[in-house]
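Welcome! Take a moment to look over the chain below, and then let us walk through it together.

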Amino acid sequence: MRALLKLFLDIGFLSGRPQDLPASRALLVLVAVLAFLTNYLVDTGFSHNMQRLSFATAQTSLLGLWVGLFIAIRRFWIRYGQTMTAIYGSNVLINLITWPLSLGHGFGAVASEVLAIALALWFAAIVTKILWHALELPLVLSALMTLTGIFLSGWVLITLFPLPKS
């Protein structure tokens, strides 16, 4: 278990590779459920639990869908499990770091926003590196695919779940 946690941390700190993870469907399901749960815990912008539940479901599903689309384009389906395990595991890592901010224990409005942007960029860097390994594309193209997927997911989420009026 400790070795598996170290692999996830290595991926999160950009020194590990998705192919280092075991190709286990059970691990993929476990990490996807953890990603869903941490997405639910972090997304406190909705007042109703059903909205939070729906948002977390959509967020987690969209991540798997756009990565799946890119893998399908490259015809590397065999790599989907390890790739998504790495991405969902990184999502969990970022969410656990973000969670205290979502509970209102941040450092003030400006510092919290700067930290949120830094964490978003960190997550984008992690996903870029994972896609770089999984898709065997140039790093710049992997970054473009990551940003495209993140922005399209954001657009779909904002369309489906408009931001609450303050």
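How do the residues lining the second largest pocket divide into nonpolar, polar and charged? They divide into 12 nonpolar, one polar and no charged, where Ala, Val, Leu, Ile, Met, Phe, Trp, Tyr, Cys and Pro count as nonpolar, Asp, Glu, Lys and Arg as charged, and the others, Gly among them, as polar.

Before going further, please note that this is a predicted model, in which local features need pLDDT of at least 70, side-chain atom pairs count only at pLDDT 80 or more, and totals for chains, interfaces and linings use all residues. Residues are numbered from 1 along each chain as its sequence is written, and side-chain values use heavy atoms, leaving out hydrogens and water.

Now for the overall fold. The protein chain has six helices and zero strands (DSSP runs numbered from the N terminus: helices are H or I with at least four residues, strands E with at least two). Of its 166 residues, 42% count as buried, that is, under 20% relative accessible area with a 1.4 Å probe, protein chains only.

Let us step inside. The largest nonpolar core (buried Ala, Val, Leu, Ile, Met, Phe, Trp, Tyr and Cys residues joined through side-chain atoms within 4.5 Å) has 29 residues, and I87, Y88, L131 and L135 touch the most other members. At least two residues each come from α1 (2-12), α2 (25-42), α3 (49-74), α4 (80-102) and α5 (109-135), with α5 giving the most, seven residues. Leaving aside residues up to four places away in sequence, I87 touches L63, V67, F123, V127, I130 and L131; contact here means heavy atoms within 4.5 Å.

Back to the pocket from our question. A pocket is an open set of points on a 1 Å grid over the protein atoms alone, where a 1.4 Å probe fits, with protein on both sides within 12 Å along at least five of seven lines; lining residues have an atom within 4 Å of a point. The second largest pocket is lined by 13 residues, and L5, F8, L34, G89 and V92 lie nearest its centre. Helices α1, α2 and α4 each give two or more residues to that lining.

Finally, meet Q82, in helix α4. Is Q82 buried or exposed? Q82 counts as buried because its relative accessibility is 18%. Among residues more than four places away in sequence, Q82 touches P18, Q19, L21, P22 and A23. Q82 and P22 are 60 residues apart along the chain, yet their C-alpha atoms are separated by 7.0 Å.

Key
Buried means under 20% relative accessible area, exposed over 50%, partly exposed in between (1.4 Å probe, protein chains only).
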